Amino acid sequence: MEENTPAQFERGTDGPKVIVVGVDGSDSSWRAAAYAAGLARRQGSKLALVYVQPVMPAGAAMGAPVVDATNEVAEELMAEIRAATERVQGTYDLRWEFHTLRGDPYSGMVQMADELTADAVVVGASESAGHRIMGSVAVRLVKAGRWPVTVVP
């Protein structure tokens, strides 16, 4: 690195202030959330949990049931997150917020990480075989090179 090249990931503070983690209900996303929560707790950071509700292609004749199902997943995720934080209340001090939006997971994570000025992004490793062709959200986030990305197996 050249001497006058600015540190790309330095936000001007000691330690990360906002850690963004993607959750979708998969086992790997829960492990990512637990890992990110530990980081946030130890470093006094805010934890932003993000669920990106998938949008079906226009040609898919699914309609309202799909929207209802993704809303239901968001509500279930929120309930599980609340229950988990209530179990540790008083033991750990953790500031957190839950965001949900519609779109493809990669674009949604990029949007939230940018909006929240994330210092770090944490995601679970892909459990989908289809990602071998398209590339996983984790790999795409790493390639974006805008934040440090931790991929939790």
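In which helix does M109 lie? Select M109 to begin, and it will be found in helix α3, where helices (H or I, at least four residues) and strands (E, at least two) are DSSP runs numbered from the N terminus. The model is a predicted one, in which local features need pLDDT of at least 70 and side-chain atom pairs count only at pLDDT 80 or more, while totals for chains, interfaces and linings use all residues. Residues are numbered from 1 along each chain as its sequence is written, and side-chain values use heavy atoms, with hydrogens and water left out.

**The whole chain**

Before going further, colour the chain by secondary structure, which should bring up five helices and five strands. Followed along the sequence, these elements give the pattern β-α-β-α-β-α-β-α-α-β. Of the 153 residues in the chain, buried residues make up 36%, where buried means under 20% relative accessible area, exposed means over 50%, and partly exposed lies in between (1.4 Å probe, protein chains only). The areas themselves come from the Shrake-Rupley method, and for residues only the protein chains shown count as cover.

**Helix α3 and what follows it**

Return to M109, which counts as buried because its relative accessibility is 3%. Now add G22 to the selection: M109 and G22 are 87 residues apart in sequence, yet their C-alpha atoms are 7.0 Å apart in space.

Staying in helix α3 (residues 105–115), select D114 together with R146, which sits in the loop between α5 and β5 (149–152). The side chains of R146 and D114 meet in a salt bridge, at 2.1 Å from N to O, a salt bridge being a side-chain nitrogen of Lys or Arg within 4 Å of a carboxyl oxygen of Asp or Glu. The pair links distant parts of the chain, 32 residues apart. D114 is partly exposed, with a relative accessible area of 38%, and R146 is likewise partly exposed, with a value of 37%.

Next move to T117, in the loop between α3 and β4 (120–124). Check its backbone torsions here, since phi of T117 is near 50°, a positive value in a residue other than glycine. T117 counts as partly exposed because its relative accessibility is 45%.

**Strands β2 and β3**

How many salt bridges does the structure hold? There are two, and the one still to be visited is formed by E97 with K46, whose closest N and O atoms are 3.3 Å apart. This pair also links distant parts of the chain, with E97 in strand β3 (residues 95–102) and K46 in strand β2 (residues 46–53), 51 residues apart. At 27% relative accessibility, K46 counts as partly exposed. As a general point, side chains of opposite charge can pair when their charged atoms come close.

Remain in strand β3 and select L101, which counts as buried at 13% relative accessibility. Add N71 and draw the C-alpha distance, which is 9.9 Å for two residues that are 30 residues apart along the chain.

**The charged patch**

Select E72, E75, E76 and E80 and show the surface, where these residues gather in a patch of negative charge. Such patches are made of residues with over 30% relative accessible area and no salt bridge, like charges being joined within 9 Å and nonpolar side chains (Val, Leu, Ile, Met, Phe, Trp, Tyr) within 5 Å. One of the four, E80, has its place in helix α2 (residues 64–88) and is partly exposed, with a relative accessible area of 43%.

**Towards the C terminus**

Select S136 in the loop between α4 (131–134) and α5 (137–144). Is S136 buried or exposed? With a relative accessible area of 11%, S136 is buried. Its side chain reaches the backbone nitrogen of V139 at 3.1 Å.

Continue into helix α5 and select L141, which is buried, with a relative accessible area of 0%. Together with V121 it makes another pair to display, the two residues being 20 residues apart in sequence and 8.4 Å apart in space, C-alpha to C-alpha.

The last stop is P153, in the segment after β5, which counts as exposed because its relative accessibility is 67%. Add V123 to finish: the C-alpha atoms of P153 and V123 are separated by 8.9 Å, while the residues are 30 residues apart along the chain.

Conventions:
Areas by Shrake-Rupley, 256 points an atom, 1.4 Å probe, with all protein chains shown as cover. Lys, Arg positive; Asp, Glu negative; His and termini not counted. Charge placed at Lys NZ, Arg CZ, Asp CG, Glu CD. Polar contact = N/O pair within 3.5 Å; in protein donor to acceptor, adjacent residues only side chain to side chain.
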